[in-house]
Amino acid sequence: MTRNRPNILLITADQWRGDCLGAAGHPSVKTPALDELAADGTFFENHYAATAPCSPARASLYTGLYQMNHRVIWNGAPLDDRFDNIARAARRAGYLPSLFGYTDTSPDPRTLAPADPNLQSYEGTLPGFEVRQSLPEDDKPWLSWLASRDYDRRSLDTIHHVEPEAGERISLAPTRYGANETQTAFLTDAFLNWHDEQEPQEPWFAHVSFLRPHPPICVPEPYNTMYDPEDDASFAGSASIDLEAAVHPLAAALQASQKLSHIPGAKGLARDLSQRDLRRLRALYFGMISEVDAQIGRILERLKTSGDFKNTLIIFTSDHAEMMGDHGMLGKGGFYRESYHIPLIIKPPAAQEAVRVPSFTSAVDIFPTLLDLLNIEPNHAPDGGSLVPFVEGKAPDRWRSTAIWEYDYRWLATVPEGLSLSTDGRDRSLISRYDGTWQYVHFEKLPALLLKPNETQSTTNFAVQAETYSVQMEAMSDLLSLRMRHNEETLARKLVWDFYPAEG
């Protein structure tokens, strides 16, 4: 992979499942732009988020650290300012990193005055980025843009609400805004305008952070009816919501906490949805994915016509995934792999044959990959490793054989059975290890889980079976070793004379 200061384009699409790409072999989802990008680069088949939800997952993506080290435990938990990140590293390499969208980074309060307005929201900007076009959760920049296109400002509060369908809880009706007026199109237009301003010989760095296919689940024509709900009717897990709740106390607590926030204006809990409702919701989710893919296609086409494509490193990924009906759940978090398996495509600046990587890779690998490409040192010791050897068609000397993710659930409205209300929350976390066959989930105070994720309809916790004792012991030993390997090492790897060289 060339290291002569290429353009760098990092695209994230929020809450995108790793199986929802044509390149991943999905039988229904249409993603022609990303499939073509995968054919020009490296497709990582087993890529996983390090944690969830948004802020913790992005902290891992941007810093290369597991949650056990960056300690962003939920949306609103600040990111320690001492950590290096992709934007700061890019500046050291001579780039001016520009942001389109959001990073969901709550600032370190020790760096700001107590009354600073930035402390009132978790939607701060990762230090080092220059914000070209923001898109916070309230959508205000996009809504103002819609108003400039003659939308009635008084109707913008319900802009995502669609016409109901008789007899259906989930309507497949289109949104009032068109396919060229989505949040995705809004950010794409902003990037394309900015790209036109760049000097041909000056390398650039852009992070386009798309909101979709994050809820609310709704989409304009033609994407609202692109997929037939009956064409993809299978869900992982049991058809019985009660059987799913019985798997583990955390599963029951998640079900009791998940509101119907996916549906604009809906009340109640996600567990109230029927299988038919979930199939219709999933069809809309697929449509949202195709809508984002179409806008990414616009970006890739512009890079090709401008001549930038051949000298641009392009990374496409997500922060975390989406349950979308599997195990009767919606959203992200918990312990199931469907919430953590995310896409990753890396297209290097130099032309190459398509490469597919079956090895387990992680969001914590993105930061070290950029450092390797730019040939610069980090200001902290990242937990991940560079993916450059994979992109070059080589196997790294040492690589992980499992996928690891963490989840802190102290924010849940319903406390899992078996936990005291008086705890301070530090016992409400899990770490999961998946080796391709077995998934072991370790909790501090709750029962352990041992699952077989590839057995689609299984709701069995094998941890209670004596014959799996050796599997559990191996997983526990490996997790302990992993925790020891990933102690914070920034200064431990330095010798005293690295800081105080001998005089003379």
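R88 is partly exposed, since its relative accessible area is 24%; here buried means under 20% relative accessible area, exposed over 50%, and partly exposed in between, with a 1.4 Å probe and protein chains only. The model is predicted: local features need pLDDT of at least 70, side-chain atom pairs count only at pLDDT 80 or more, and totals for chains, interfaces and linings use all residues. Residues are numbered from 1 along each chain as its sequence is written, and side-chain values use heavy atoms, with hydrogens and water left out.

The side chain of R88 meets that of D81 in a salt bridge of 2.8 Å, N to O. A salt bridge is a side-chain nitrogen of Lys or Arg within 4 Å of a carboxyl oxygen of Asp or Glu. D81 is likewise partly exposed, with a relative accessible area of 31%. The structure holds 29 salt bridges. Side chains of opposite charge can pair when their charged atoms come close.

Another of these pairs is D108 with R110, at 2.6 Å, N to O. D108 counts as buried because its relative accessibility is 6%, whereas R110, at 63%, counts as exposed. R279 and E230 also form a salt bridge, at 3.4 Å, N to O. This pair links distant parts of the chain: R279 lies in helix 9, and E230 in the loop between strand 5 and helix 7 (241-246), 49 residues apart. Helices (H or I, at least four residues) and strands (E, at least two) are DSSP runs, numbered from the N terminus. R279 has 16% relative accessibility and so counts as buried; E230 is partly exposed, with a relative accessible area of 42%. Salt bridges that share partners join R17, D19, R282 and D326 into one network.

From the charged pairs, the text turns to the nonpolar interior. A nonpolar core is a set of buried Ala, Val, Leu, Ile, Met, Phe, Trp, Tyr and Cys residues joined through side-chain atoms within 4.5 Å. The largest such core has 65 residues, of which L9, W16, W142, F191 and F316 touch the most other members. Among the elements that each supply at least two residues of this core are strand 1 (7-13), helix 5 (140-148), helix 6 (183-197) and helix 9 (275-306). Helix 9 gives the largest share, 13 residues. A second, separate core of 38 residues includes F44, A87, I315 and I346. In soluble globular proteins, nonpolar side chains tend to be buried together.

L9 lies in strand 1 and counts as buried because its relative accessibility is 0%. Leaving aside neighbours within four places in sequence, L9 is in contact (heavy atoms within 4.5 Å) with residues including F191, W204, I299, L303 and I315. The C-alpha atoms of L9 and P97 are separated by 9.7 Å, although their positions lie 88 residues apart along the chain. W142, counted without residues up to four places away in sequence, touches L135, I159, H160, Y177, E181, T182, Q183 and F186.

Helix 6 supplies partners to both of these residues: F191 to L9, and Q183 and F186 to W142. Of its 15 residues, 11 are buried, so helix 6 is largely enclosed by the rest of the structure. Its buried residues pack against strand 1, strand 3 (98-101), strand 4 (130-134), helix 5, strand 5 and helix 9. The expected span of a helix is 1.5 Å times one less than its number of residues; for helix 6 that gives 21 Å, which agrees with the 22 Å between its end C-alpha atoms.

Two polar contacts tie helix 6 to its surroundings, and they are taken in turn. A polar contact is a pair of N or O atoms within 3.5 Å; within protein, one must be able to donate a hydrogen and the other to accept it, and residues adjacent in sequence count only if both atoms are side-chain atoms. R298, in helix 9, makes one of 2.7 Å with D189, side chain to side chain. R298 is partly exposed, with a relative accessible area of 34%.

D139 sits in the loop between strand 4 and helix 5, and its side chain joins that of Q183 in a polar contact of 3.3 Å. D139 is buried yet has no salt bridge, and the nearest side chain of opposite charge, R212, is 7.3 Å away; for this purpose Lys and Arg count as positive and Asp and Glu as negative, while His and the chain ends are not counted.
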